[in-house]
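Open the model in your viewer and get ready to click along. We will take it one selection at a time.

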Amino acid sequence: MIERISSKSEVRAAIAEARKEGKTVGFVPTMGALHEGHLSLVRAACDRADVVVVSIFVNPTQFAPGEDFENYPREVDADLALLSADGVEIVFTPSVGEMYGAGAQVSVDPGPLAMRWEGEARPGHFGGAATIVAKLINVVRPDLAFFGEKDYQQLRVVTRMADDLDLGVRIVGCPIVRDHSGLALSSRNAYLSAEEYSWALALPAALQAATAALRRGEWDARALEAIMATTVARESGGAVTLDYAAVVHAVTLEPASTLDAPARAIIAGRAGATRLIDNCALEPALPGRD
Ligand code: AMP
């Protein structure tokens, strides 16, 4: 039976009960408006933990000024229906006041990993995201917490934070779930008109073009970035404005020069008013390397 809980103390009590029975706890933090991407994390959690806790909290502190905090889709009833079908035990739906008491002022500094890319485009975003993840992890105290590779930089920041702050949780990254056309699922896709949706497909097309060029032997990171940018311009007829299309080291997120270490292609841009991000692994097929 799914239990919806909105207070921190009640969540702690419910989890303490499960712990008494020796159960392991898996945690999936979300902002709701759930789709198959979120549900893939939930299923991974159900596979690997006895009790699964999902949080739904649209966290104001990770939205930069002028972003879509007010308009962000909120569909808690539909979300609960999806989660009960998936066998989740506890859904934590705190209010902003429950998570941030009056006078709250201490936050997490997410460090250098958060400075480039999304951190540059969305000032304050990772400080807010890391802080709420740390707080939720401190409430739930899970064994495992599941994050999507869709938000690759967030996954790296959270993994680093869990290690550096000794949060005592193992961070598990899960693959990106895409729709039938290859667009990475996102709660923000609901904002897209049919025309904007067709422009948005330029992002996965750019990642595919980079992957294909790498397979053909193009190992130069700047050349792959140029291929991504021209693909976006061509496929969207110039309608998508790029924030970045970069090839980065998969762990440090620093710009990669050549592809001899694990790398990631990361891309962000706007289709109409909607900002979208996507990424993929870039692994050259080396003889003798699995
Ligand atoms: P959000 O509700 O956007 O904060 O996302 C909650 C979690 O779901 C994050 O760990 C995201 O990376 C993950 N997520 C969102 N979209 C996808 C997707 N298409 N595939 C896999 N994970 C996703």
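Select Ser 187 and Tyr 72 and show their side chains: the two make a polar contact with each other, at 3.5 Å. Keep in mind as you go that this is a predicted model.

Now zoom out a little to place Ser 187 in the fold. It sits in the loop between strand S6 (170-174) and helix H8 (194-200). Is Ser 187 buried or exposed? Its relative accessibility is 8%, under the 20% cut-off, so Ser 187 counts as buried.

Next, select what Ser 187 touches beyond its neighbours within four places in sequence: Gly 32, Ala 33, His 35, His 38, Tyr 72 and Pro 73.

Stay on His 38, which leads us to the ligand. An N or O atom in the His 38 side chain is 2.9 Å from an oxygen atom of the ligand. Then pick Asp 151, where a polar side-chain atom lies 2.6 Å from a ligand oxygen. For Met 31, show the backbone instead: one of its N or O atoms there is 2.9 Å from an oxygen atom of the ligand. With the ligand taken alone, 490 Å² is exposed, and the protein buries 93% of that.

Finally, select the whole shell around the ligand. It holds 17 residues, with Met 31, His 38, Asp 151, Val 177 and Leu 185 the closest. By type, the shell has 9 nonpolar, 6 polar and 2 charged residues. Colour strand S2 (25-30), helix H2 (36-48) and strand S5 (144-148), the elements that each give two or more residues to this shell. Which element gives the most? That is H2, with 3 residues.

Terms used:
Residues are numbered from 1 along each chain as its sequence is written. This is a predicted model: local features need pLDDT of at least 70, side-chain atom pairs count only at pLDDT 80 or more; totals for chains, interfaces and linings use all residues. Side-chain values use heavy atoms; hydrogens and water are left out. A residue is near a molecule or strand if one of its heavy atoms lies within 4 Å of it. A polar contact is a pair of N or O atoms within 3.5 Å; within protein, one must be able to donate a hydrogen and the other to accept it, and residues adjacent in sequence count only if both atoms are side-chain atoms. Accessible areas come from the Shrake-Rupley method with a 1.4 Å probe; for residues, only the protein chains shown count as cover. Helices (H or I, at least four residues) and strands (E, at least two) are DSSP runs, numbered from the N terminus. Ala, Val, Leu, Ile, Met, Phe, Trp, Tyr, Cys and Pro count as nonpolar, Asp, Glu, Lys and Arg as charged, and the others, Gly among them, as polar. Buried means under 20% relative accessible area, exposed over 50%, partly exposed in between (1.4 Å probe, protein chains only). Contact means heavy atoms within 4.5 Å.
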